[in-house]
Amino acid sequence: MIGIFAKAGIAALITLGAVSATVSTASANDLSATIHQVRYDPHRGRICSPITAVQKARAMGLRRARIQNITPRRVAVEGFGRHGPDRIVFANVPGCPLIHR
């Protein structure tokens, strides 16, 4: 009889431990998903639009401008300048400021 109560008590402790671990993990996942969504929401205008980068490169004299590479920090546009192939790099923030030509 005592063995049955001991086994039931151990099972109850394991169940309570599993429930508390599951709740804390679920709330941590919800928090990280909310932060991730706010940080990288493209509709908030926190990035340099590829269209804007190509338009700025064309305004700077780059012919046949096209996107070469996009990373979280920069947008690279390549095309042809006065002396042949050329590349312009913009920061991947609103307004697309020039990093390197």
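## Working through a helix and its sheet

Helix α2 (residues 50-59) lies across β1, β2 and β3, running at about 140° to β1. Contact here means heavy atoms within 4.5 Å, and the angle is taken between N-to-C directions on a scale from 0 to 180 degrees, with axes fitted to C-alpha atoms, for helices over the stretch in contact. This is a predicted model, where local features need pLDDT of at least 70 and side-chain atom pairs count only at pLDDT 80 or more, while totals for chains, interfaces and linings use all residues. Residues are numbered from 1 along each chain as its sequence is written, and side-chain values use heavy atoms, with hydrogens and water left out.

**Exercise 1.** Work out which pattern of helices and strands the protein chain follows along the sequence.

*Solution.* Start by listing the elements: the protein chain has two helices and four strands. These are DSSP runs numbered from the N terminus, with helices being H or I of at least four residues and strands being E of at least two. Now read along the sequence, and you get α-α-β-β-β-β.

**Exercise 2.** Find the strand order of the sheet, then explain why β1 and β4 each have one side without a neighbour.

*Solution.* Begin with the order: the sheet is open and goes β1-β2-β3-β4, with antiparallel pairing. Next, look at the edges: β1 (63-70) and β4 (98-100) each have a single partner strand, so one side of each has no neighbour in the sheet. Finally, check the twist: neighbouring strands are turned by 35° against each other on average, direction ignored.

**Exercise 3.** Trace the pairing from β2 through β3 to β4, and say which residues stand opposite V89.

*Solution.* Take β2 (residues 74-81) and β3 (residues 84-91) to begin with: they run antiparallel and are joined by eight bridges. (To count as a pair, two strands need at least two bridges in DSSP.) The hairpin between β2 and β3 passes through two residues. On this side, F80 faces P85 in β3, and A76 faces V89. Then move on to β4, which pairs with β3 in the antiparallel sense over two bridges. Here V89 stands opposite H100. Put together, V89 has A76 opposite it and also H100 in β4. To finish, inspect the turn: the hairpin of β3 and β4 has six residues between the strands, and G95 there takes a positive phi near 90°.

**Exercise 4.** State what share of the protein chain counts as buried.

*Solution.* Apply the cut-off: buried means under 20% relative accessible area, with a 1.4 Å probe and protein chains only. Of the 101 residues, 17% qualify.

How values were computed:
Buried < 20%, exposed > 50% of the residue type's maximum accessible area, 1.4 Å probe, protein only.
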